[in-house]
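Me: I would like to go through how certain terms are applied to a structure, with each value set against its definition. Please begin with the strand pairing.

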There are 2 protein chains.
Amino acid sequence: MSAKAEIITIGDEILYGQTLDTNSHWISGELDQLGIKVIRKTTIPDLENHILAAFAEAETRADIILITGGLGPTNDDLTKPCLAKYFGVELEMNEEALTELTELYARSGWELSELNRGQAIQPVGAAKITNELGTAPGIWLEQNDTIFISMPGVPFEMKGIMEKEVLPKLKARFVTGNIHHRILKTGGIAESTLAEKLESWEANLPSHMKLAYLPSLAQVKLRLTAIGEDLKQLEIDADEQIQKCIPLIQKYIYATENISLEERVGQLLREQGKTISCAESCTGGYLSHLFTTIPGSSDYFQGSYVAYSYEIKEKALKVDHKLLTEKGAVSEEVVIQMARNIRKVFNTDIGVSLSGIAGPGGATPDKPVGTIWIAYSDANNTFAKKFIFAKDRKLNIQLSAIVALNIVRRNLMP
Amino acid sequence: MSAKAEIITIGDEILYGQTLDTNSHWISGELDQLGIKVIRKTTIPDLENHILAAFAEAETRADIILITGGLGPTNDDLTKPCLAKYFGVELEMNEEALTELTELYARSGWELSELNRGQAIQPVGAAKITNELGTAPGIWLEQNDTIFISMPGVPFEMKGIMEKEVLPKLKARFVTGNIHHRILKTGGIAESTLAEKLESWEANLPSHMKLAYLPSLAQVKLRLTAIGEDLKQLEIDADEQIQKCIPLIQKYIYATENISLEERVGQLLREQGKTISCAESCTGGYLSHLFTTIPGSSDYFQGSYVAYSYEIKEKALKVDHKLLTEKGAVSEEVVIQMARNIRKVFNTDIGVSLSGIAGPGGATPDKPVGTIWIAYSDANNTFAKKFIFAKDRKLNIQLSAIVALNIVRRNLMP
């Protein structure tokens with residue numbers, strides 16, 4: 001029987017649609033990896049009666065209650081007074097928390113006001129959880145076999161506390177035996193097609209293993225989880241299954257660890273000492289943006305031209321005027337010239353180009369919205385592919401860029 | 001006393017961290033605009049006992065219960081059977097829904113299977129809500145002064161149903177009198193500074209008006225809401241207050257309607273018949289991406305160079321070799337040359353350039369991570385500004401691009 005958890009999010013700003021709650025999504029994913037089941041998420045306002053009622057309800061159902069928000073120093077931050085009331089204890093100054101807070105302020109050169117000192121106050125009997133990234137420490141309280149964990153609502157502070165303190169403690173307490181995960185990241189294949197290819201392999205997995213499909217835009221992450229006593233044996237078992245799985249979907253797998261496609265393409269370029277440049281039309285800079293979100297990408301990404309007009313395609317990218325007018329900017333011939341020429345301009349090993357109708361305007365009878373040409377060019381190999389994506393402009397931009405990354409990846413992997 | 005609503009999200013995929021729930025965020029914002037208070041959001045698994053318990057709890061608190069998810073045609077979609085059980089009624093075929101479904105399938109050329117026919121089944125006594133964008137109609141049921149509204153979990157289907165059917169019905173029923181909103185969108189000012197400048201104006205608002213601060217990255221949306229009987233009078237009252245407010249924060253306001261900064265900059269460029277191009281270094285294409293997310297942006301956005309290397313800055317952007325080596329790429333002199341030269345290359349009215357240390361690498365003692373230079377150049381005016389943003393790479397990229405957009409906006413507005 002796995003442990004059950006609930007997540008309580010406290011804050012008017014989430015109920016009124018001002019702030020999107022991403023915390024509970026992240027927490028759920030982390031707990032799922034430990035085999036801890038989240039059975040309910042609740043968002044409630046900054047009101048004492050609502051908070052106390054939610055605590056009481058959750059305690060009847062869950063072993064672990066994770067609370068975010070309402071830990072700040074102002075009057076509408078009610079989590080600590082409510083926890084004290086619910087546990088029937090007073091609030092007191094936690095000297096250790098105060099010392100940490102004083103040091104943090106001293107380092108930053110700020111003054112510790114009376115209001116800020118209040119952040120070190122905690123319910124009697126609570127364990128402080130160090131918050132290395134902010135001023136509000138977390139709180140750990142237990143009664144009747146239920147653990148209450150209160151954390152700040154600021155996402156990076158919450159994540160810091162979870163990774164450093166909470167997840168290791170929960171793992172030690174609730175994960176009997178061991179848990180071992182293996183990741184396969186795939187691109188260029190739909191979830192349903194992937195599921196078909198893996199159907200019989202998945203059906204034959206040993207009972208201590210399960211597979212999760214985690215889809216995102218034009219990508220699917222596969223997570224194989226093995227639960228048991230002996231970690232070494234779990235690693236061997238998982239490896240055996242992964243070795244059986246890989247040949248079934250080999251060409252779609254871009255990584256066997258939890259990294260993004262743009263990160264993987266960056267690794268491959270760096271390993272092979274290759275450089276890349278892009279000529280973007282319909283994607284308007286988004287592919288370059290994906291490359292350059294990766295730290296250190298300047299080692300292989302040289303730059304790009306975003307050529308939105310015919311004029312710039314001719315002038316900067318030296319696309320033939322005749323080709324442009326005869327075939328149109330969204331054509332095999334033009335993207336191929338764009339990919340070849342950007343390689344020359346930037347003197348890179350690889351050139352990638354994209355041109356298409358992102359929409360909503362610009363469609364013609366034979367080129368509907370979503371028609372995108374993508375070309376790839378290196379010293380040995382130049383080709384273009386046509387895709388028909390979606391009706392939505394933003395979706396077309398994102399899909400085009402991800403599919404282009406996957407084309408580059410396929411050409412860099414054996 | 002305003003109406004109270006709760007949102008129930010049904011689905012294992014949300015509890016296990018596979019899918020981020022954006023539906024309840026959007027619904028909250030829409031209800032808030034109508035003055036309907038969301039008092040709780042709950043996410044529960046695809047399990048009958050959890051669903052029935054959540055219905056019963058919510059009914060004790062709310063006038064309106066909005067349910068998303070679990071309306072599909074497969075066995076793990078339990079919302080309809082649970083609603084029928086909760087209301088003590090049978091499920092029956094809704095002939096009108098079946099006709100709509102049959103027509104939808106005929107139009108798309110698909111075959112209507114027995115499984116799909118099931119999507120027209122509803123609890124006896126329920127009103128069907130037409131879903132123009134998908135195959136699962138919504139359901140409207142009432143008992144004991146509480147309304148249960150069930151909608152599919154697919155975001156664009158849910159939004160279609162809400163906008164076309166649910167919100168107008170809720171407005172007619174719960175919004176006594178009228179509600180009138182005015183929007184001011186601001187850039188280049190922190191929420192706290194804005195609040196200081198507006199403090200006395202806000203304190204003197206008439207009692208039937210309230211102001212909401214809705215912050216996002218480097219921007220704050222202000223929403224003034226007036227509630228009363230006479231819509232014409234509300235418009236006059238709101239206008240009077242807006243006219244008092246505007247001079248207090250004039251230069252930060254970029255729009256008086258709900259549009260994005262990139263959309264506003266696009267409008268200004270189009271109105272003034274001006275064109276723009278960008279030379280991006282640290283932002284790696286993200287500013288171009290923001291420009292080109294707007295449909296029709298090819299009217300004014302000509303293109304950009306993403307120049308990541310010194311070599312390309314020299315070769316394509318003709319930045320002086322001496323300047324680059326003496327001052328470094330992240331310097332006032334270099335961004336100014338970049339902005340001037342991109343204007344010439346693309347023959348545009350305006351050139352914008354950015355160069356900085358996005359991080360985590362690349363910092364020097366006098367140029368810490370987050371140091372970003374932004375330059376603007378047009379026929380009359382060329383200047384550069386230095387900013388120190390954050391420690392995080394993605395945040396630096398986003399902030400730089402938004403601040404650059406705001407600089408362009410300030411130069412296009414009187």
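Reply: In this predicted model, strand β13 (residues 276-280) of chain B and β15(B) pair in the parallel sense over 5 bridges, and within β15(B) the bridge partner of B:Cys278 is B:Val352. Local features require pLDDT of at least 70 and side-chain atom pairs count only at pLDDT 80 or more, while totals for chains, interfaces and linings use all residues. Residues are numbered from 1 along each chain as its sequence is written, with chains lettered from A and ligands numbered from 1 in the order in which they are written.

Me: What makes β13 and β15(B) count as paired?

Reply: Two strands pair if DSSP finds at least two bridges between them, and β13 and β15(B) have 5 bridges, so the pairing criterion is met. The strands themselves are DSSP runs (E, at least two residues), numbered from the N terminus, as are helices (H or I, at least four). β15(B) also pairs with strand β16 (residues 371-377) of chain B, in the antiparallel sense over 6 bridges, where B:Gly356 has B:Ile372 as its bridge partner.

Me: Why is strand β15 of chain B called mostly covered?

Reply: A residue is buried if 20 or more other C-beta atoms lie within 10 Å of its own, exposed if 12 or fewer, and partly exposed in between, with C-beta atoms placed from the backbone. In β15 (residues 350-356), 7 of its 7 residues are buried. In a regular strand the side chains alternate between the two faces of the sheet. Here both faces are covered, with B:Ile350, B:Val352, B:Leu354 and B:Gly356 buried on one side and B:Gly351, B:Ser353 and B:Ser355 buried on the other.

Me: What makes residues of chain B and chain A count as being in contact?

Reply: Two residues are in contact if their C-beta atoms, placed from the backbone, lie within 7 Å, and 48 residues of chain B are in contact with 48 residues of chain A. Elements giving two or more residues to the side of chain B that touches chain A include α2 (23-33), β14 (301-307) and α15 (393-412) of chain B.

Me: How do you know that a strand pairing joins the two chains?

Reply: Strand β14 (residues 301-307) of chain A and β14(B) run antiparallel and are joined by 5 bridges, which satisfies the requirement of at least two. In β14(B), the bridge partner of A:Gly303 is B:Ala307.
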